[in-house]
Amino acid sequence: MCGIAGVVGQGNVVDTLVRSIRTLEYRGYDSCGIAVLQNGALAVKKGVGTVEEVSQAERFSDLDAATGIAHTRWATHGAVSAENAHPFTSCDGRIAVVHNGIIANWTELRARLEAHGHKFRSQTDTEVVPHLIEEQLKLGAADFETAFWQSLNLIDGAYSFAVVTSLEPGRVFVAKHKNPIIIGLGESANYIGSDFNAFIDKTKRAVVFDDDEYGVITKDDFWVKSRLTREVVCKDVTTVQWDAEMAKKGGYPHYMLKEIHEQPHAIRMALGVDARGMAQVVEMLRAAKRIYLVGTGTTYYVALVGQYLFKDHARRFVSAVAADEFTLLAEVDAETVVLAVSQSGETYDTMQAIRCAKAAGAKTAAVVNVMGSSLAREVNVALLQMSGPEISVISTKAALAQMVALYRIAADLARADGTARGDAADVAAAFAALPDLVQQVLNEKSGFLNTLAKHTCGWKDWLFLGRGVYYPIALECALKMKEVAYRHAEGMPAGFLKHGTLSLIDDDICSLIFVPPKRDEALHKMVLANIEQIRAREGHVVGFVYDADESLASLLDERVLLPDVHPSIAPFLELLCGQMFAYFTAVALKRPIDRPRSLAKSVTVP
Ligand code: AGP
């Protein structure tokens with residue numbers, strides 16, 4: 001869960017490297033470093049803090065070089081310290097390595113290397129790599145490439161590496177196994193990045209590595225070889241559809257707010273998801289005996305919302321399973337379809353679930369935002385949601401768009417099955433109007449939600465309650481509150497409250513209720529009963545409710561009134577309010593919005 005960048009160009013590339021890892025900071029931001037080839041020798045600088053802080057404190061700008069690598073870290077092995085920051089060098093200081101992933105057999109490798117006299121300076125798994133390459137050279141490897149390749153064959157685990165060496169000036173070596181690495185092809189300069197953002201301001205032409213490939217970039221050229229056969233692999237050049245502007249804040253104080261405001265566009269893109277891919281997914285689902293939706297964190301909650309959408313729109317029961325539990329729980333065979341949901345397409349747990357499903361003969365598909373990501377390449381059919389880059393660690397637009405894409409799949413499945421609801425056309429029209437409604441709520445409710453958050457930000461404990469599809473919406477909004485505002489928020493089915501948690505209701509806990517529109521009569525009644533249970537214990541209650549719902553006026557301490565809409569799209573407006581409420585609470589509490597402590601955007605570790 002780190003960001004890797006590399007450049008071979010002409011003139012000084014240090015600024016480019018610093019900019020690259022700054023754009024990758026959402027992948028990790030506890031420490032960072034740079035290694036460049038300057039006057040024939042490696043120069044390494046690193047430290048603890050953000051790219052901004054470390055590059056200034058360590059005076060990265062004093063460096064002047066045309067070849068280099070850089071790294072921004074999210075600690076897995078070894079504490080957050082300058083010694084444990086990447087890059088790491090060999091004993092002779094001629095090889096520097098940055099890494100994303102985990103080397104499973106690093107303790108054995110380190111013991112072996114130490115026995116051969118190698119001196120280690122960190123507690124990380126990565127530091128074995130420069131020493132391993134150095135050792136292969138000592139043992140007589142024909143050249144640096146051979147030493148690198150031999151080292152890769154000794155490593156067990158997940159990795160993407162970028163390596164510079166004074167032995168091969170003007171080259172950056174790279175390798176991939178289970179963690180992403182991409183080459184960017186520029187004019188008299190080539191780039192390396194963990195994803196397209198690393199070099200999107202320089203070039204849109206990219207080459208995506210597959211597992212067990214390694215390669216080299218020079219200023220004007222590149223090659224990729226298979227680690228298994230050592231033969232050259234002929235790679236396609238992909239044109240990235242994002243541009244640098246899309247990955248900038250564009251006047252918003254935070255990416256999270258910008259991305260919340262991009263939701264009307266993200267919904268439109270999700271509604272128009274590629275028809276061919278959609279037809280393939282529908283065919284796959286129709287042939288299946290068992291269907292799983294998988295994701296982790298927010299995308300698990302998206303999968304849970306999907307469970308209700310499949311029931312409501314396709315009359316199908318599908319199982320939503322958290323990807324991190326999937327291998328322990330799911331029954332998978334050749335008649336199973338696993339549909340994964342992921343923004344990054346790099347999440348370890350989700351990739352593991354898909355790999356395990358494939359190994360058991362299942363068919364796989366994904367709703368994914370990042371083109372060329374590991375997940376998009378691994379599954380049988382990838383539906384690209386085209387939400388544009390999501391930079392904030394807090395997922396907002398990607399999640400809402402994924403829910404809309406799942407509705408589309410469920411509705412198309414129902415049509416193919418001949419089980420579409422009688423009001424399917426009305427529902428489709430309601431979804432078509434959703435982007436404008438989201439815009440309306442953004443315009444009309446932002447101010448009120450901001451004021452509400454200022455009033456309520458003192459509450460340290462929250463219950464977020466909903467029934468039906470509002471239950472996973474409540475779970476997702478509670479996750480937003482936890483990760484961005486650092487407030488304890490427990491998402492729960494409102495009906496579950498009376499089975500234990502009701503004993504928590506007192507002056508120290510506030511409940512946020514996700515109320516359906518009154519037209520959703522049965523559900524509305526149930527939620528009303530649950531609010532009464534809290535009020536009877538003098539609990540403090542805030543509600544997201546729909547206009548003209550006066551039945552609730554006396555039961556709620558605070559209300560956010562939403563425009564009356566079709567019940568099928570109402571949950572999405574409440575999700576939007578939950579996202580904004582968490583955002584404004586975090587602002588009121590002066591939290592670091594886009595990069596909360598201890599988190600990273602792309603979780604590529606178990
Ligand atoms: C979302 O706000 C979280 N940062 C996190 O739960 C995230 O959704 C999860 O790690 C899955 O990531 P993915 O969508 O990139 O697979």
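Select Arg-355 to begin: at 18% relative accessibility it counts as buried (buried means under 20% relative accessible area, exposed over 50%, and partly exposed in between, with a 1.4 Å probe and protein chains only). This is a predicted model, in which local features need pLDDT of at least 70 and side-chain atom pairs count only at pLDDT 80 or more, while totals for chains, interfaces and linings use all residues. Residues are numbered from 1 along each chain as its sequence is written, and side-chain values use heavy atoms, with hydrogens and water left out.

Next, add Asp-211, with which Arg-355 forms a salt bridge whose closest N and O atoms are 3.6 Å apart (a salt bridge is a side-chain nitrogen of Lys or Arg within 4 Å of a carboxyl oxygen of Asp or Glu). The pair links distant parts of the chain, 144 residues apart: Arg-355 is in helix H11 (residues 348–359), and Asp-211 is in the loop between strand E11 (205–208) and strand E12 (213–217). Helices (H or I, at least four residues) and strands (E, at least two) are DSSP runs, numbered from the N terminus. Asp-211 counts as partly exposed, at 28% relative accessibility.

Move to Lys-225 and Glu-145, a salt bridge with its closest N and O atoms 3.0 Å apart. Lys-225 lies in strand E13 (residues 222–226) and Glu-145 in helix H5 (residues 144–154), so the pair ties together parts that are 80 residues apart in sequence. Lys-225 is buried, with a relative accessible area of 15%, and Glu-145 is buried as well, at 12%.

Now display helix H13 (residues 397–417), where Arg-415 and Asp-412 lie three residues apart, about one turn of the helix. Their salt bridge has closest N and O atoms 3.5 Å apart. Arg-415 counts as exposed at 59% relative accessibility, whereas Asp-412 is buried, with a relative accessible area of 16%. To return to the starting pair, select Lys-176, Asp-211, Arg-355, Lys-358 and Glu-378, which salt bridges with shared partners join into one network. The structure holds 31 salt bridges.

For a charge without such a partner, select Asp-125, in the loop between helix H3 (106–115) and helix H4 (128–138). Asp-125 is buried yet has no salt bridge; the nearest side chain of opposite charge, Arg-73, is 6.4 Å away. A polar atom of the Asp-125 side chain lies 2.9 Å from the backbone nitrogen of Ile-103.

Finish at Glu-538, in the loop between helix H16 (521–535) and strand E23 (540–546). Glu-538 counts as exposed, at 67% relative accessibility.

Methods
Lys and Arg count as positive and Asp and Glu as negative; His and the chain ends are not counted. A polar contact is a pair of N or O atoms within 3.5 Å; within protein, one must be able to donate a hydrogen and the other to accept it, and residues adjacent in sequence count only if both atoms are side-chain atoms.
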